[in-house]
Every structure is written in C-alpha cells, then in structure tokens.
Amino acid sequence: METKALTRNLAPLPERMRPTSLDQYAGQRHLVGEGCILRNMLESGNLSSFILWGPPGVGKTTLARIIADSLDREFFTLSAVSAGVKDVRDVIDSAKGKSLFSKSAAPILFIDEIHRFNKAQQDALLGAVEAGTVILVGATTENPSFEVITPLLSRCQVFVLKSLEAEDLRSLLARALKEDELLKTLDIRIEEDDALLRQSGGDARKLLNILEIVTDSLLGAGKEMVINNRTVTSCLQENVAIYDKDGEMHFDIISAFIKSIRGSDPNAAVYYLARMLDGGEDPLFIARRLCLSASEDVGLANPNALLLANACFQTVNSIGMPEARIPLAETTVYLASSPKSNASYLAVEAALEAARADKTKAVPLYLRNAPTKLMKDLGYSDGYRYAHDYPGNFVDLEFLPAGMEGTVFYHPQENKHENTLKAYLQACWPKYYPKEK
C-alpha cells in the first residue's frame with residue numbers, strides 16, 4: 001500500500017527517466033555518436049539552427065534540452081499548439097534585450113511541433129534566425145519539406161531521428177530498472193521483452209509508459225515481479241496503436257496505400273486503408289488522396305474513377321465514421337482494380353515546365369477577345385475561326401504561341417478509353433499525332 005501511495009506522488013516514469021546528458025541518451029547514434037554532427041556541434045559550442053524530424057518518443061525535446069544544458073545557454077521553449085506571433089516576438093525581444101547587456105552566446109529557442117506554426121508565425125522567426133539573435137531548434141513529426149516555409153528551412157539544417165531499435169529500447173529498460181528511484185527498490189525480473197518492444201513501436205516514451213503500467217499492476221502481487229509477454233498483454237486493455245496519424249508512420253502508410261492502388265493490388269490497398277482507419281486517420285484525408293489517385297494514376301484510362309472518388313469524398317463528408325469505411329473501401333478497390341494511365345499528369349507536368357521556362361510567350365492575336373474598337377483595330381480576334389462552323393466541329397488552327405507550334409504535351413497511353421481519344425486526335429491532328437506504321 002505504501003509503495004502504491006508513493007507512485008501517485010511521483011512524476012510519470014518517462015519524465016523521471018528523461019536523460020540529462022548524451023551518455024544517457026538512447027539511440028540516434030548517427031547524430032550523437034562519437035564524431036557525429038550533433039555531438040561535434042555540442043563539443044565545439046558552434047551551434048547553428050536546426051530542425052529535428054522524427055516520430056514521437058524518439059527524444060527530440062530531450063535532445064534540445066541536453067544541448068541547452070550542456071552549453072549553459074538560456075533556453076526558451078514554445079509550443080506551436082498554443083503560441084502565437086506575439087509569443088514569438090516576445091521571446092525574440094527578450095533575447096535581443098539580453099544581448100545588449102551580455103556577451104554570452106545566443107539563447108536557444110525550442111519550438112515543439114513547429115509544423116503547426118502557420119506562415120505568419122514562421123515568418124516572424126526569419127529575422128532573428130538570420131541575425132543569430134536566437135538559435136532555433138524545431139521539433140516536428142511532419143515532413144519539414146511540406147510544413148516549414150522555404151526561407152526558414154534554408155536557414156536550418158534538418159536532422160532525421162529514427163524510431164529506436166530493439167537494443168536501444170533494451171538499454172533504456174535496463175537503465176530504468178537500475179536508476180529510477182522507485183523501480184530500483186523493487187524486485188523486477190524481465191523474463192521476456194518481445195511484447196514490451198513490439199507494443200512500444202520504437203517509441204521510448206511508450207515503452208516506459210507500458211513498463212509503468214505493468215509494474216503498477218504487479219505491485220502487491222508478491223516479492224518478485226516477473227514481466228513476460230503474457231503479463232504485458234494482459235495489463236494492456238488494448239494494443240498500443242502502432243499507426244500514428246500525427247507522426248512519420250502517417251506518411252509511410254499513406255505512401256504504401258497510394259502505391260498499392262497505382263500497382264493495381266486491391267488487397268494491399270484495402271489493408272493499408274484498414275491500418276489508417278484503425279489508427280484514427282481522418283477519413284476525409286483518405287478520401288482526398290483517393291481523388292488525387294483517381295486523377296493521377298487511373299486518369300483517362302477510366303474517367304469514371306474520378307467521378308466515383310469525388311462521390312466517395314462527398315459521402316464520407318456526409319455520413320462520417322464508422323460507416324465511411326464502406327465507401328472508402330469500395331473506392332479503394334475500384335481504383336486499384338482499374339486500368340491505369342498517368343498521361344494527363346505527365347502532360348501538365350511537361351506544360352508547367354514549358355510555362356516556367358519562358359513566361360513571355362504571347363497569346364496569338366486571333367485567340368484574344370476584342371471587346372473594344374481599339375482592340376479590334378489592333379487585330380485582336382482577327383482570323384479566328386469558330387470550330388462549330390466547320391464539318392465535324394473541327395478547324396485546323398494553331399492554338400499555341402509562336403515558337404511553340406507542334407509541341408505535344410499529351411501522349412495517349414495504351415488502354416481502351418485512351419485508344420478512342422488517340423483515334424480522334426489522329427483524325428484531327430495527323431501532323432501531331434501520326435498513325436503508327
């Protein structure tokens with residue numbers, strides 16, 4: 001009873017076991033090992049702004065604190081969930097004020113979940129980071145390429161943190177049993193660790209939380225506390241979610257989902273759909289990606305795919321979960337089982353490349369509207385021929401700007417529907433779409 005009362009007065013085990021030095025830090029040897037970049041930064045004291053990108057529970061916040069403590073620098077911290085532009089400016093003003101009266105090194109500004117900052121909030125950081133008023137350390141579970149503005153990203157290095165490996169987790173377990181103020185007083189024997197490691201999913205915080213749940217449940221059951229796969233499984237009311245909709249796994253699963261559809265494997269696609277739904281992913285996010293896949297991967301090989309995907313999005317938006325899983329599954333299987341063509345995607349990419357290469361190409365005068373007399377006098381619309389006035393509703397007229405005549409962006413691919421489109425284009429534009437010999 002006294003031990004259980006003690007546990008209620010202690011901080012959670014992950015907080016009690018938070019490392020205070022790189023020697024205690026688990027994992028990420030590619031960054032903090034001997035001779036590696038972050039350790040070299042720390043040992044030299046030559047610190048520059050950087051962003052830590054990785055899944056939850058791998059030590060992003062801990063690493064920032066270790067660096068600040070080791071260099072004895074002032075440490076400001078903001079959470080992007082609750083902080084606004086004013087909070088950012090207040091910290092920067094405070095850092096500037098201190099620099100006027102001190103020659104100490106720039107303070108560290110740690111921003112947790114920096115991907116949640118909008119553009120205005122990120123813009124507010126640019127000047128201070130550029131001037132070295134603060135050293136920015138951002139932490140994110142989202143890909144910074146998508147979530148951090150380019151000017152800020154160009155001023156920061158990005159370090160990728162990985163899920164902890166089995167040996168890292170075992171080392172963490174051993175340290176917890178040996179050093180934690182409560183666990184070291186108990187007679188705990190880990191007989192099997194498979195379930196502990198599997199349920200943690202490479203997340204140190206999750207591992208320690210599970211260990212604490214299991215040890216709490218075993219308090220008072222006997223002198224020796226034996227932890228094995230059965231005790232771990234029975235203590236957890238449900239499996240700890242492996243899919244993390246807010247972390248790196250989010251991108252891995254959605255990537256596998258889309259690639260399975262593109263690869264025409266409905267079984268794999270519906271499996272990854274189930275992984276996302278079971279992990280609590282926003283069904284509208286999935287529906288939007290299905291619309292994109294219908295356009296990019298199925299395309300004109302089956303134009304009905306986009307209609308079904310859009311109908312799926314509307315249906316999911318109307319009915320919500322759990323019923324939304326059914327139209328999502330229907331659309332997933334339909335797209336994966338459809339013939340594929342990315343011809344439209346390739347066409348617009350090629351057209352964008354051409355548009356960016358030369359923005360000065362003028363629209364031919366005969367394609368321009370002439371709503372005023374002056375424009376008519378200048379030749380606007382002169383020479384335009386209305387297609388519906390000609391047989392087959394077609395007239396041979398050049399529509400691209402001068403110098404681009406004959407450029408072909410759209411190349412029909414081999415499938416039933418696009419073969420029909422190809423035949424029509426060959427009849428209209430034999431000089432651009434010649435028939436195969």
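Helices here are DSSP runs of H or I with at least four residues, strands are runs of E with at least two, and both are numbered from the N terminus. The model is a predicted one, so local features need pLDDT of at least 70 and side-chain atom pairs count only at pLDDT 80 or more, while totals for chains, interfaces and linings use all residues. Residues are numbered from 1 along each chain as its sequence is written, and side-chain values use heavy atoms, with hydrogens and water left out.

Salt bridges make a handy starting point. The term covers a side-chain nitrogen of Lys or Arg within 4 Å of a carboxyl oxygen of Asp or Glu. Searching the whole structure turns up 18 of them. One sits inside helix α6 (residues 85–101), where Lys86 and Asp90 are four residues apart and therefore separated by about one helical turn. Their side chains meet with an N to O distance of 2.9 Å. For burial, the cut-offs are under 20% relative accessible area for buried, over 50% for exposed, and partly exposed in between (1.4 Å probe, protein chains only). Lys86 counts as exposed because its relative accessibility is 61%, and Asp90, at 37%, counts as partly exposed.

A second bridge brings two helices into the picture. Arg262 and Asp297 pair up through their side chains, 2.8 Å from N to O. Arg262 belongs to helix α14 (residues 248–262) and Asp297 to helix α16 (residues 283–298), so this pair ties together parts that are 35 residues apart in sequence. At 36% relative accessibility Arg262 is partly exposed, whereas Asp297 is buried at 6%.

The third bridge joins Asp180 to Arg16, with the closest N and O atoms 2.7 Å apart. Distant parts of the chain are linked this way: Asp180 is in the loop between α10 (166–179) and β6 (187–190), Arg16 is in helix α2 (residues 13–16), and their positions lie 164 residues apart in the numbering. Both Asp180 and Arg16 are buried; for Asp180 the relative accessible area is 2%. The two side chains also make a polar contact at 2.7 Å. A polar contact is a pair of N or O atoms within 3.5 Å; within protein, one must be able to donate a hydrogen and the other to accept it, and residues adjacent in sequence count only if both atoms are side-chain atoms. Nor does the pair stand alone: Arg16, Asp180 and Glu212 are linked in a network of salt bridges.

Helix α7 deserves a paragraph of its own. Spanning residues 119–131, α7 has 13 residues and reaches 19 Å from its first C-alpha to its last, close to the expected 18 Å. The expected span is 1.5 Å times one less than the number of residues. Even so, α7 has a kink of about 25° centred on Leu125, the bend at a residue being the angle between axes fitted to the seven residues ending there and the seven starting there. Leu125 is also one of the buried residues of α7, a list that runs Gln121, Gln122, Ala124, Leu125, Leu126, Ala128 and Val129. At the N-terminal end, Asn118 acts as a cap, with a side-chain oxygen 3.2 Å from the backbone nitrogen of Ala120. After the helix comes Gly132, which has a positive phi near 75°.

Some backbone oddities turn up in the loops. Most residues other than glycine have a negative phi, and most peptide bonds are trans. Ser264 has a phi near 60°, positive in a residue other than glycine. Ser264 lies in the loop between α14 and α15 (266–278) and is partly exposed at 38% relative accessibility. Ser381 is not a glycine either, yet has a positive phi of about 75°. The peptide bond from Met321 to Pro322 is cis, with omega near 5°, and Pro322 is placed in the loop between α17 (304–319) and α18 (325–336).

The loop between α20 and α21 holds Ser381, which is partly exposed with a relative accessible area of 32%. Tyr384 lies in the loop between α20 (373–377) and α21 (416–428) too, and is partly exposed at 41%. Together with Tyr386 and Phe399, Tyr384 forms a nonpolar surface patch with about 330 Å² of accessible area. Patches take residues with over 30% relative accessible area and no salt bridge, joining like charges within 9 Å and nonpolar side chains (Val, Leu, Ile, Met, Phe, Trp, Tyr) within 5 Å. Accessible areas come from the Shrake-Rupley method with a 1.4 Å probe, and for residues only the protein chains shown count as cover.
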